[in-house]
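Could you walk me through this model in the viewer, stop by stop? I would like to know what to select next and what is there.

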Amino acid sequence: MTMPPQQPQGPYGPPQPPQHNPYAQQPPYGYPQQLPPQGPWGQPGMPRPPGAQPPKKKRTGMVIGIAAAALVAVGTLGYTAFQLVGAGKSVVGGFPETEYRLTVPKKLLDEEYTLAEDTSSTDGKEVEEVPDPSVRDVKAVVTQYTSAEGGVLVISGMWGRIRMPEFTRDKILEGAAGEKGMTVVVPAREFTPDGYDITVSCQVVTSKDAGATSTIPMCAWGDDNTAAFVGLVTPKIAVQDPKSVDLEQAAADTAEVRAESRRPIG
C-alpha cells in the first residue's frame with residue numbers, strides 16, 4: 001500500500017493553512033479596490049434603505065446671492081422707480097417746507113446691519129436729475145448694508161419737498177417690482193407699525209436666476225420730506241415661501257430704518 005507523501009516539517013511543526021484576513025487582501029493591480037458599503041451619513045457597513053437618496057447640499061448660498069444681486073440692482077437703478085412718480089398725474093397744492101433729510105448711518109436696525117457701500121454720489125445723481133413735477137430740491141440716498149449672519153439691506157431713497165407722499169411711496173414700490181426678473185407674488189399692503197407715525201407699504205416678489213428662485217420682501221414709505229424703497233433679505237427669508245413672509249415685521253423694520261436715518265435739518 002502506497003503511503004501519501006509526507007509534508008515537509010519546518011522547525012516549528014507542519015506548515016499552517018493561510019489565515020483569511022479580509023482587511024489585508026489587496027486586489028490585483030489595475031482593479032478598483034472594493035470599499036465597504038456607505039450609509040446615508042457615510043458610516044461603513046450601513047447600506048441605504050431602498051430608494052433613499054444622499055442628502056443634497058442646500059442652495060441657500062446661491063439663493064441669497066440672487067436676492068442680494070436683485071436688491072442691489074433695484075437700489076442702483078432706483079431712478080427708474082422715481083421716473084414713474086410724476087408720470088400721467090396732475091399735481092395740485094403747494095410744496096411743503098424741507099424740515100427733514102435722509103442720512104447714511106454707519107449702522108442700522110439696532111446696529112445689526114453695517115454700511116457696506118454708499119453710491120449716493122454716483123447712482124443717486126440719476127434720481128436727482130429726473131424731472132418730476134411732484135418733488136422739488138431732491139437729494140438722493142442709495143446705500144447697501146450687510147449683517148454678520150449674511151443679511152442684505154438696500155435703501156434707495158430721496159429727500160426734499162414732496163407734494164404727494166403716498167403717491168410717491170406707491171410708485172417707488174411699483175417701480176422696484178418692475179425690474180427685470182422680478183415677479184410680484186404678494187401684492188402691496190399698507191401697515192402702520194406700533195410706535196411709529198408712518199404708514200409703510202410692503203409686498204413680496206421673487207427673483208429668478210440660474211435656475212434658483214429667491215424670495216424678497218420690499219417696502220416703501222413716503223412723507224412730506226423723505227421717501228424710500230427698503231429691501232431686506234436674510235438667508236432664511238431668501239428660501240422662504242413668499243406667501244409666508246412676515247410683512248408686518250418687514251414694515252416694522254422699514255419704519256425703524258426711517259427713524260434711524262431721517263433727521264431734522266439744522
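**A tour of the cavity, the pocket, the disulfide and a loop**

Before setting off, keep in mind that this is a predicted model. Let's begin at the largest cavity, whose lining residues divide into 8 nonpolar, 3 polar and no charged. To see that lining, select Leu102, Thr103, Val104, Pro105, Leu108, Val141, Thr143, Tyr145, Ile155, Trp221 and Ser261. The space they enclose comes to about 50 Å³. Which strand gives the largest share of this lining? Colour strand E4, residues 135-147, and you have it: 3 of the lining residues come from there. A search of the whole structure turns up 2 cavities of 30 Å³ or more. As for the method behind such a search, rolling a probe the size of a water molecule over the atoms shows where empty space is left.

**Zooming out for a moment**

Show the whole chain as a cartoon. You should be looking at 6 helices and 10 strands. Of the 266 residues of the protein, 43% count as buried. Switch on a surface next: the accessible area is about 15700 Å², and 53% of that belongs to carbon and sulfur atoms. If you like contact maps, here is a figure to go with yours: among contacts between residues at least 6 apart in sequence, 69% join residues at least 24 apart.

**The second largest pocket**

Now head for the second largest pocket, which holds about 230 Å³ of space. It is lined by 16 residues, and to centre your view you can pick the ones closest to its middle: Leu232, Ile237, Asp246, Gln249 and Asp253. Which elements each supply at least two residues of this lining? Select strand E8 (212-222), strand E9 (226-233), helix H5 (235-238) and helix H6 (247-261) to see them. Helix H6 gives the most, with 4 residues. Colour the lining by residue class and it divides into 8 nonpolar, 5 polar and 3 charged.

**Along helix H6 to Thr254**

Stay on helix H6 and select Thr254, which is found there. Is Thr254 buried or exposed? Its relative accessibility is 2%, so Thr254 counts as buried, the cut-off being under 20%. Show the side chains around it: leaving aside neighbours within four places in sequence, Thr254 is in contact with Val200, Cys219, Trp221 and Val230. Two of these names lead elsewhere on the tour. Trp221 also belongs to the lining of the largest cavity, while Cys219 takes us to the next stop.

**The disulfide**

Display Cys202 and Cys219 as sticks. A disulfide joins them, with 2.1 Å from S to S. Cys202 sits in strand E7 (residues 200-209) and Cys219 in strand E8, so the link ties together parts that are 17 residues apart in sequence. How many disulfides does the model have? The count comes to 1. Check the torsion while you are here: it is 110 degrees about the S-S bond, and the link is right-handed. Both Cys202 and Cys219 are buried.

**Leu173, a neighbour of both cysteines**

Next, select Leu173 in helix H4 (residues 165-177). Which residues does Leu173 touch, apart from neighbours within four places in sequence? Its contacts are Ala188, Ser201, Cys202, Gln203, Met218, Cys219 and Ala220, so both ends of the disulfide are on the list. Leu173 is buried, with a relative accessible area of 2%. For a distance check, draw a line from the C-alpha of Leu173 to that of Val230: the two atoms are separated by 9.1 Å, although the residues are 57 apart along the chain.

**Last stop: the loop between E2 and E3**

Finish by selecting Asp110, in the loop between strand E2 (107-108) and strand E3 (113-118). Glu111 has its place in that loop too. What is the phi of each? Asp110 has a positive phi of about 55 degrees, and Glu111 has a positive phi of about 65 degrees. Neither Asp110 nor Glu111 is a glycine. For background, most residues other than glycine have a negative phi. Turn the surface back on here: Asp110 is exposed, with a relative accessible area of 65%, and Glu111 is exposed as well, at 61%.

Conventions: Residues numbered from 1 in each chain as written. Predicted model: local features only at pLDDT ≥ 70, side-chain atom pairs only at ≥ 80, totals over all residues. Heavy atoms only, no water. 1 Å grid on protein atoms, 1.4 Å probe; cavity = no way out; pocket = protein on both sides within 12 Å on 5 of 7 lines; lining within 4 Å. Points joined across faces, edges and corners; volume = space filled by probe spheres on them. Nonpolar A, V, L, I, M, F, W, Y, C, P; charged D, E, K, R; others polar. Disulfide = S-S within 2.5 Å. Buried < 20%, exposed > 50% of the residue type's maximum accessible area, 1.4 Å probe, protein only. Contact = heavy atoms within 4.5 Å. Areas by Shrake-Rupley, 256 points an atom, 1.4 Å probe, with all protein chains shown as cover.
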